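The following note is offered as a colleague's reading of the model, set out in numbered points. Please keep the structure in view while reading.

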Amino acid sequence: MASDSLSITDNRTGKQYELPIADGSVRAADLRQIKTSDDDFGLLSYDPSLLNTATVRSAVTYIDGDAGILRYRGYPIEQLAEHSTYLEVVYLLLNGELPNKEQLLEFEEDVRFRTMVLETVREQMETYRYDAHPMGMLLGSMATMSTYYPASRDVMDLESRKIQTVRAISKVATVAAWCYRHTLSYPFIYPDNDLTYAGNFLNMLFRMVEPKYVPNPVIERAIDVLFILHADHEQNASANAMRAIASSQADPYSALAGAIGSLSGPLHGGANEAVIRMLQFIGRKDNVPEFIKNVKDGTSGRLMGFGHRVYKNYDPRARIIKTLADQVFEVTGVNPLLEIALELERIALEDDFFVSRQLYPNVDFYSGLIYQAMGFPVEMFPVLFAVPRTSGWMAQWNEGVTDREQRIVRPRQIYVGEGERDYVPINQR
Ligand code: ACO
């Protein structure tokens, strides 16, 4: 009997099976041979919300949630946040290796070359209502791109994939900034390609009447680091949505729209917005113990920005963001909600309710405080997450469409509805 295998006895039939184990997993499809009779469909694995199911083999991002480790292509997030730039990290995510100087310059130029969006996208954006949520505007505008770039449907074409990848990463910043300008009824600002990716993003967000926008270097670097931290996070809900939609060979803009929709929820990328609303609701540091008590009783909802499906330790990104916040607050002034957040963290980390459930601050706990200090309204927070996550989604997409093991995603269900019954005319019901 092979040692890397799992022996199963089906007590319904007394039959024995041996399933190979590879990479710490058994193949769910191997369970199908386990049947009670020839016409039995075979054993299914039931895994609501995919809590214990690997759906891909991926070489992009590694997370060890128990140890609080995050690496892109093997490089620790702490080193990338300290030494790298966002576009260098994007190159790494897409290509698997860090670029040399020439490769980086060429890639930066490529991204810069595509920062303009079609005027038709702009015109469409102007039709959104004045109070439209920016995340909905981003979703709609990115989806619209599928109508302008028909070649994007040719997902098996390597050259087309390369173009769509850079195009999406480049244009998402322009569209995101315009979502913000639209909420203010301000004129849209066109890209300034003298600036870095982060600097140009700030330009398109905040430039008023000055002929040339000069970003504050601390804020520009902070945005760049935040973008590095948010670039990818392996198979989360939105990456899974991206891959699932793309598994039908739909174009990447349609898949991106789905991923943005998934990210918009308060349990995912909408959490940093929910954190600020929670801190505003708490109002004062003195109210924190009462709020924590209510969270534990279940009368105040969850402690937003705490807990993570994968991290059962301090989220390494939250640690970096906490330090970054101090640098940003030196420029912007301290966000008054910070002291409430620090008190929440202090009390929660000493409280058995949170400790026993391994609930620690996640990436969203402090990022919203920084964004708010920079002047962003809370509705923009998930958009600020979606801009850098677009690079991760595109890396996951490229990996997925070229993976020969992947087919169209089609989960099974356990049917719990009625058995067959006859239609009853309406006057007899
Ligand atoms: N506050 C209070 N209790 C919590 C919290 C929280 N933030 N998170 C989990 N719990 C409790 C649950 O009530 C549950 O308790 P129980 O065992 O007594 O029923 C236990 O901890 C386990 O919770 P689950 O919901 O099973 O954990 P899951 O892995 O499904 O959820 C999630 C992870 C969605 C992130 C959750 O922790 C949460 O809702 N956090 C708040 C929202 C948030 O910050 N989301 C951002 C995540 S990071 C990101 O997407 C970028």
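1. Helices (H or I, at least four residues) and strands (E, at least two) are DSSP runs, numbered from the N terminus. On this scheme, Lys312 belongs to the loop that runs between α12 (288-297) and α13 (316-332). The model is predicted: local features need pLDDT of at least 70, side-chain atom pairs count only at pLDDT 80 or more, and totals for chains, interfaces and linings use all residues. Residues are numbered from 1 along each chain as its sequence is written, and side-chain values use heavy atoms, with hydrogens and water left out.

2. Is Lys312 buried, partly exposed or exposed? Buried means under 20% relative accessible area, exposed means over 50%, and partly exposed lies in between (1.4 Å probe, protein chains only). Lys312 counts as partly exposed because its relative accessibility is 26%. Its C-alpha atom is separated by 9.7 Å from that of Val355, although the two residues are 43 residues apart along the chain.

3. Helix α2 (residues 86-95) is mostly covered, with eight of its 10 residues buried. Those buried residues are Tyr86, Leu87, Glu88, Val89, Val90, Tyr91, Leu92 and Leu93. After α2 comes Gly96, which has a positive phi near 90°.

4. The next point concerns the ligand. A residue is near a molecule or strand if one of its heavy atoms lies within 4 Å of it. There are 19 residues around the ligand, and Arg302, Leu303, Gly305, Phe306 and Arg309 come nearest. The shell consists of 10 nonpolar, five polar and four charged residues. In this division, Ala, Val, Leu, Ile, Met, Phe, Trp, Tyr, Cys and Pro count as nonpolar, Asp, Glu, Lys and Arg as charged, and the others, Gly among them, as polar.

5. Which atoms of Gly305, Arg357 and Asn362 lie 2.8 Å or 2.9 Å from an oxygen atom of the ligand? In Gly305 it is a backbone N or O atom, at 2.8 Å from a ligand oxygen. In Arg357 it is an N or O atom of the side chain, at 2.9 Å. In Asn362 it is a polar side-chain atom, also listed at 2.9 Å from an oxygen atom of the ligand. On its own the ligand has 920 Å² of accessible area, of which the protein covers 72%. Accessible areas come from the Shrake-Rupley method with a 1.4 Å probe; for residues, only the protein chains shown count as cover.

6. A nonpolar patch on the surface is formed by Phe41, Leu44, Tyr46, Ile414 and Val416, which together have about 560 Å² of accessible area. Patches are made of residues with over 30% relative accessible area and no salt bridge; like charges are joined within 9 Å, and nonpolar side chains (Val, Leu, Ile, Met, Phe, Trp, Tyr) within 5 Å. Tyr46 lies in the loop between β2 (15-20) and β3 (61-64), whereas Val416 is in the segment after α17 (381-401). Tyr46 counts as exposed because its relative accessibility is 63%. Val416 likewise counts as exposed, at 76%.

7. How many salt bridges does a search of the whole structure find? The total is 22 salt bridges, where a salt bridge is a side-chain nitrogen of Lys or Arg within 4 Å of a carboxyl oxygen of Asp or Glu. One of them joins Asp10 and Arg12, with the closest N and O atoms 2.8 Å apart. Asp10 is buried, since its relative accessible area is 7%.

8. Another salt bridge pairs Lys212 with Asp192, and here the closest N and O atoms are 2.8 Å apart. Lys212 lies in the loop between α7 (197-206) and α8 (217-230) and Asp192 in the loop between α6 (158-184) and α7, so the pair ties together parts that are 20 residues apart in sequence. Lys212 is partly exposed at 40% relative accessibility, whereas Asp192 is buried at 13%.

9. Lys293 and Asp297 also form a salt bridge through their side chains (3.7 Å, N to O). The two are separated by about one helical turn because they are four residues apart in helix α12. Both are partly exposed, Lys293 at 43% relative accessible area and Asp297 at 48%. Elsewhere, Glu119, Arg122 and Glu126 are joined into one network by salt bridges that share partners.

10. Finally, two residues other than glycine deserve a check of their backbone angles. Asp23, in the loop between β2 and β3, has a positive phi near 50°. Ser185, in the loop between α6 and α7, has a positive phi of about 55°. Asp23 counts as exposed at 61% relative accessibility, and Ser185 counts as exposed at 61%.

Methods
A polar contact is a pair of N or O atoms within 3.5 Å; within protein, one must be able to donate a hydrogen and the other to accept it, and residues adjacent in sequence count only if both atoms are side-chain atoms.
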